[in-house]
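Please open the model in a viewer and keep the selection panel at hand. The stops below are intended to be followed in order.

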Amino acid sequence: MQILIIDGQGGGIGRQLVEGLRAAGETRLVCVGTNALATSAMLKAGAARAATGENAVLVACRTADVIAGPVGIVIADALMGEVTPAMAVAVAQSRAHRVLVPVSHCDHHIVGVPAATSTASLVAEAVGEILRAAEETVSRL
């Protein structure tokens with residue numbers, strides 16, 4: 001069972017996801033940053049395994065059971081161009097359960113998410129969903 005966290009830019013969402021999952025006792029984390037800064041942020045948050053770049057995303061998506069990160073990881077050219085079309089396709093076509101944090105910026109607006117919703121509350125909800133999906137995956141094995 002593998003949980004894959006993907007993030008870019010400064011890695012803030014990925015860092016918060018790693019912190020929340022580690023606090024819940026989850027250790028089956030693999031993190032991939034679209035850049036070194038994002039990877040570093042997730043490592044500092046407690047990720048034991050991490051890599052950087054497009055090929056790392058493509059490879060990790062093949063074996064992930066749960067993929068989590070900002071919604072931009074499924075949108076080509078999102079995160080100010082850091083998400084390549086190949087990355088977006090790899091995430092979208094993975095057999096994994098995807099948990100996407102609805103962040104509205106970089107010319108994308110997620111309808112239905114109130115503007116006043118804090119990133120912390122969205123991440124907390126995502127952590128709960130990741131744990132639920134991971135538990136379901138383990139029970140199917």
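The tour proceeds from the sheet to the helices upon it, then to a buried loop position and two residues with unusual backbone angles.

**The sheet.** The model is predicted. Begin by selecting the strands: five of them form an open sheet, ordered β3-β2-β1-β4-β5, with parallel pairing. At the edges are β3 (49–52) and β5 (97–101), each of which pairs on one side only. From one strand to the next, the twist averages 20°.

**One strand pair.** Next, select residues 3–7 and 29–33, which are strands β1 and β2. These two strands pair in the parallel sense, and five bridges join them. To inspect a single bridge, display Leu4 together with Val30, its bridge partner in β2.

**Two helices across the sheet.** Now add residues 36–44, helix α2. Helix α2 lies across β1, β2 and β3, and its direction is at about 155° to β2. Then add residues 54–63, helix α3. Helix α3 lies across β1, β2, β3 and β4, running at about 155° to β1.

**A loop residue before β5.** Move to Ala96, in the loop between α5 (85–93) and β5. Is Ala96 buried or exposed? Its relative accessibility is 5%, so Ala96 counts as buried, the cut-off for this class being under 20%. Which residues does Ala96 touch, leaving aside those up to four places away in sequence? They are Ala64, Asp65, Val66 and Ile67. A distance label is also instructive here: between the C-alpha atoms of Ala96 and Gln2 there are 9.4 Å in space, although the two residues are 94 apart in sequence.

**Two positive phi angles.** Most residues other than glycine have a negative phi. With that in mind, select Asp77, in the loop between β4 (66–70) and α4 (78–81). The phi of Asp77 is near 70°, a positive value in a residue other than glycine. Asp77 counts as exposed because its relative accessibility is 51%, and the class requires over 50%.

Finally, select Met80, which lies in helix α4. What is the phi of Met80 near? The value is near 60°, again positive in a residue other than glycine. With a relative accessibility of 70%, Met80 therefore counts as exposed.

Methods. Residues are numbered from 1 along each chain as its sequence is written. This is a predicted model: local features need pLDDT of at least 70, side-chain atom pairs count only at pLDDT 80 or more; totals for chains, interfaces and linings use all residues. Side-chain values use heavy atoms; hydrogens and water are left out. Helices (H or I, at least four residues) and strands (E, at least two) are DSSP runs, numbered from the N terminus. Buried means under 20% relative accessible area, exposed over 50%, partly exposed in between (1.4 Å probe, protein chains only). Two strands pair if DSSP finds at least two bridges between them. Axes are lines fitted to C-alpha atoms, for helices over the stretch in contact, and angles run from 0 to 180 degrees between N-to-C directions. Contact means heavy atoms within 4.5 Å.
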